[in-house]
Each structure stands twice: as C-alpha cells, then as structure tokens.
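Trainee: I have a model open and would like to learn how to read it. Where should I begin?

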Amino acid sequence: MSSPDQYAVIGNPIAQSKSPIIHALFAKATGQHMEYTRVEGRIGGFAQQLDELRAAGMRGMNVTAPFKLEAFAYATHRSQAAELAGAVNALKFISNEVHAENFDGVGLVNDIQRNHATLLRGKRVLLLGAGGAVRGALLPFAKAEPALLVVANRTVAKAQELVAMLDKQMAVSAKACSFETLEGEFDVVVNGTSAALFDQAPAVPVSAFAPGCLAYEMAYGKGMTPFLQLARQADKSGDVRCVDGVGMLVEQAALAFEWWRGVRPETLEAISELTVPL
Ligand code: ATR
C-alpha cells in the first residue's frame, strides 16, 4: 500500500493541540488514507520551514498561534474568509500554489446552529472582543442574518473598525460599543476576548444575558471561566446555557478536512470524545 498522505498542525507551542486526535477520528470514519501530525513551528523561520515541509510532500496544514499572520503572508491564494479575518488557519498545497482559508468563524457558527440547536436568524447576538478571534467570526455571524449584531470591546475604536468593515460587505443591523455603554439583552453572547487568560471576565453587565440565552466561551477546555461564571450569576430563570469552544474546534477541523479530502466527516463523535465537563 502507498504511504499515507501527510497533513499536520503547526504552532509553537504545539503539544497541547487536539487537532491530530480529531483528524485521526475523521480519517478512520471516512476511510481516508492519511496521517496527521503535530509540528513545532520555528519562530523566525516559518516560511523556510513550510518550504521544507512542502518539498517533503506535505499536502495541507492547520496553523495555530503564533503563525496565523505569517501563514496569511505565505499564501499565494486566499479565500474571502481569510482576507476578512486577516489571518489563516488552514493551508492546502497544490503544486506551487499555497491556498489559504480561515474556518474558525464558520466553525463557530456551525457549532452554535447545529450542535447547540440555536438558529441565529432573527436573534440578538453579542460578540465580546475585537481581536483576531472576533474579526474572523464577524462575517459568518452576519451571513446567518441575526436581527442585531453588537460587537463590544474594552477599546471601543477596535470594535468600531470591525463593524465599519462589515457595513461595506452587507446590510445587517450591526453596532459597536464599549462594555460600559452596552444596552439591551441578547439571545447569544460569545466571549471572543482573551480575558480568561488573565483569569478575568470582560466587564459586560449581567443584564446582557437574556433568559434562556446561550453563553459561549470561544476558548476550549478551561472549565467555568470567569465569563461563564458571570453568565451563571445572571441566570435568574435557571435556563442560561453555558458552553465552551470544543464544538468550534471540531467544526473548523471538519471544514478543513472536507476542503482537503472532499469528504465531509461527522463531528459528534469527536466532540463527545474531547468534551471536558464545565
Ligand atoms: P485574539 O487573536 O485571541 O483575538 P487579540 O487579537 O490580542 O487576541 O485580542 C484580544 C481581545 O481580548 C481584544 O479584544 C482585547 O481587548 P482590547 O482590544 O481592549 O485590548 C480583549 N481583552 C484582553 N484582555 C481583556 C480583559 N481583561 N477584559 C476585556 N477584554 C480583554
């Protein structure tokens, strides 16, 4: 039998990445003859390392921190999602071409709509943060046609910049504000800030969580983060749903897998395998 087609995730550090587990499950379930490994990226030597990996026969890669911007620069062909996010999380190598995608935003929206049974159409959606994570998610959220899309950020100018970018793309009722000036309640509240890294919650008022809302922490495997604890405190009716980004991780992987292999894998098995109780 021929040797398996080679894929990998590159980042630094990389030992924590769950992507090899997910892609191994997908490959087994769909009968694809492939191997997916972890590669520790060389700081300051990313482009040369990719040249070497491609020369050795690598077919495609996922890209994680801190290389998403360098992968953007390295690409020869970028999707609209990659252009809008300004960052790349998946690469496909076709002869001399380097095709680049960003599946994080669509993965997040797919997770919310499919796995958390929350159709976004007509809903009030609040995105917290205005860094790379929210930037990549903005257009997929807008395409899902919520009634209202609000981006709130500590530094309001960054939120305004993102929303202005969206205005040019499509007609959706989108607003930018600071946490202090945030008004109203929302059916879906997504934390895309990195506040959890500092063991903090973004300073969002508890009134922002509508009864029965979905509180979504984009980070994965960090338990009840300060943001999710805030959502719990806000939960007067007892029906706020707190979830983390395990489904986003698996859904973006499924999109990359389909892009590389032309087969769409089921995601539920990988999600249940990787879910850590909150
Ligand atoms: P990423 O690529 O993970 O999105 P980033 O681009 O550095 O990372 O963006 C981090 C986001 O988290 C920003 O929106 C940042 O707010 P500022 O734009 O005001 O810096 C937000 N953030 C980080 N720490 C925060 C905290 N303690 N409270 C609220 N927001 C925080």
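Mentor: Begin with the ligand and its polar partners; keep in mind that this is a predicted model. A polar side-chain atom of Lys158 sits 2.7 Å from an oxygen atom of the ligand.

Trainee: What cut-off makes such a pair a polar contact?

Mentor: The two N or O atoms must lie within 3.5 Å. Thr155 also offers a side-chain N or O atom, 2.5 Å from an oxygen atom of the ligand. With Ser194 the partner is a backbone N or O atom, 3.0 Å from a ligand oxygen.

Trainee: How much of the ligand's accessible area does the protein cover?

Mentor: On its own the ligand has 640 Å² of accessible area, and the protein covers 72% of that.

Trainee: Which residues around the ligand are the closest, and how many surround it?

Mentor: The shell holds 16 residues, the closest being Ala130, Asn153, Thr155, Lys158 and Gln200. Sorted by class, the shell has eight polar, six nonpolar and two charged residues.

Trainee: Let us turn to a single residue. Is Ser79 buried or exposed?

Mentor: Compare the relative accessibility with the cut-off: buried means under 20%. Ser79 has 16%, so Ser79 counts as buried. As for its place in the chain, Ser79 is in the loop between β4 (77–78) and α4 (80–85).

Trainee: What does the side chain of Ser79 make a polar contact with?

Mentor: One partner is the side chain of Glu101, at 2.9 Å. In addition, a polar atom of the Ser79 side chain lies 3.1 Å from the backbone nitrogen of Ala82. If neighbours within four places in sequence are set aside, Ser79 is in contact with Ala100, Glu101 and Asn102.

Trainee: Next, the sheet. What is the order of its strands?

Mentor: Read across the sheet, not along the chain. Here six strands form an open sheet in the order β2-β1-β3-β5-β6-β4, and the pairing is mixed. The edges are β2 (34–40) and β4, each of which pairs on one side only.

Trainee: In which sense do β1 and β2 pair, parallel or antiparallel?

Mentor: Strand β1 (residues 5–11) pairs with β2 in the parallel sense, over seven bridges. As one position to look up, Tyr7 has Tyr36 of β2 as its bridge partner.

Trainee: Last, a helix. Which residues of α6 are buried?

Mentor: In α6 (residues 132–143) the buried residues include Val134, Leu138, Leu139 and Phe141, and also Pro140. Just after α6, check the backbone: Glu145 takes a positive phi of about 60°.

Note on methods: Residues are numbered from 1 along each chain as its sequence is written. This is a predicted model: local features need pLDDT of at least 70, side-chain atom pairs count only at pLDDT 80 or more; totals for chains, interfaces and linings use all residues. Side-chain values use heavy atoms; hydrogens and water are left out. A residue is near a molecule or strand if one of its heavy atoms lies within 4 Å of it. A polar contact is a pair of N or O atoms within 3.5 Å; within protein, one must be able to donate a hydrogen and the other to accept it, and residues adjacent in sequence count only if both atoms are side-chain atoms. Accessible areas come from the Shrake-Rupley method with a 1.4 Å probe; for residues, only the protein chains shown count as cover. Ala, Val, Leu, Ile, Met, Phe, Trp, Tyr, Cys and Pro count as nonpolar, Asp, Glu, Lys and Arg as charged, and the others, Gly among them, as polar. Helices (H or I, at least four residues) and strands (E, at least two) are DSSP runs, numbered from the N terminus. Buried means under 20% relative accessible area, exposed over 50%, partly exposed in between (1.4 Å probe, protein chains only). Contact means heavy atoms within 4.5 Å. Two strands pair if DSSP finds at least two bridges between them.
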